[in-house]
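Please look over the sequence and the structure shown below before reading on. The report that follows takes up two residues and the confidence of the model.

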Amino acid sequence: MPRTHVVLGGGGALGAYQAGALLGLAEGGVLPDALHGCSAGALNAAFLAARPTAARAADLAAWWADPGTHGVLVPPWRARLTGLAAAVAGRSDGILDARPLRALVAAQVPAHDLSELGVPLTVTTTCLDCADAVHHATGPVADVLAASCALPGLFPPVVLPDGHAHVDGGVLAGVPLAPALAAAGPDDRVLVLDCGLAPVTAVGGACAALPGLRGDGCGLPVPVGTPAYVAPVESSRGALDVVLRAFTVARAAANRASTLPGLDDPRVSVLPHVADAWAAGLLPALPRGPRDVTRTPDLVRAGRAAAAAWLRADRRGAVVPLQP
């Protein structure tokens, strides 16, 4: 039987949009047979892979919308200052403590090894020692997920069973489309949920994230006269923020290069991005950046509505896989 592979890219707090989209798909009867995730997308993928049901997708969306969970996504200033002091003194390889993230994984993902989950899951990390993206289908859940989310400088690298130090997979392959295509059969379908504010899977003329939109934005109707989309840029100050912004630019270029070759594969369907949901009027305001957690309830609702609308159009034959 043909299988459905779902690819979940990273995006920090924008993972809330992705969680909403997963719920919209599940409510439409589309559940994954295999998941491929990176960074925040790896967390979403692991949560759903444990039990791929509509009820589980609803739980995931509720988790993202709950203000009580935002401290894990954006630690308070006291924790950041304490971590910064430890990093400057050479006592830590990262500014932030990964233990709250690990506690979240332990509470929400009932498995010790990736291979024990309900459906196959592949998690992408970046190996610091070999300078390559690594796609893990087995390995200790907490360690692999912590590594996939370890934004360099913020969280310390994680030494995995291969003996190498690993960090955020988004350094090289934030939207792990290549391993999904390698695992997919000729009749399988690969659905891509890229939740970045500047999505690397955007296609000119077909996505609201890029200029020259012709018609719908990734399958969502965009009203005539809608202003051009401009990806928000965080305006916070400080040396660390400059480093993070520079890293974001470099990461986007590497990620674009890693995904572009796969976008013309007939098995691939790219779902609406945050930019498309905003242009279609499903998102009242854009978040200020990937660390802005104030918009997570809106992002969940927008992702859910966007996926549902895309799915209805897809079943009418109105949506085709995007071509670069």
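## Thr201 and its surroundings

Does Thr201 count as buried or exposed? In this predicted model, Thr201 has a relative accessibility of 0%, and because buried means under 20% relative accessible area, Thr201 counts as buried.

Thr201 lies in the loop that runs between strand E7 (189–193) and helix H10 (239–259). Its side chain is joined to that of His273 by a polar contact of 2.9 Å, and His273 also appears among the residues that Thr201 contacts once neighbours within four places in sequence are set aside. The other residues in contact with Thr201 on that basis are Val175, Val192, Asp194, Arg256, Thr259, Leu263 and Val270.

## Pro179 and a distant stretch of chain

Pro179 belongs to helix H9, which covers residues 177–183, and with a relative accessibility of 12% Pro179 likewise counts as buried. When residues up to four places away in sequence are not counted, Pro179 touches His36 and His135. Pro179 and His36 are 143 residues apart along the chain, while their C-alpha atoms are separated by 7.6 Å.

## Confidence of the model

The average pLDDT of the chain is 88, with 86% of the residues scoring at least 70. Over residues 80–89, however, the pLDDT is below 50, although this stretch has 13 contacts in the model beyond near neighbours in sequence. Residues 318–324 also have a pLDDT below 50, and for this stretch the model has 19 contacts beyond near neighbours in sequence. Where pLDDT is low, the predicted coordinates should not be read in detail.

Note on methods. Residues are numbered from 1 along each chain as its sequence is written. This is a predicted model: local features need pLDDT of at least 70, side-chain atom pairs count only at pLDDT 80 or more; totals for chains, interfaces and linings use all residues. Side-chain values use heavy atoms; hydrogens and water are left out. Helices (H or I, at least four residues) and strands (E, at least two) are DSSP runs, numbered from the N terminus. Buried means under 20% relative accessible area, exposed over 50%, partly exposed in between (1.4 Å probe, protein chains only). A polar contact is a pair of N or O atoms within 3.5 Å; within protein, one must be able to donate a hydrogen and the other to accept it, and residues adjacent in sequence count only if both atoms are side-chain atoms. Contact means heavy atoms within 4.5 Å. pLDDT is the predictor's confidence in each residue, from 0 to 100.
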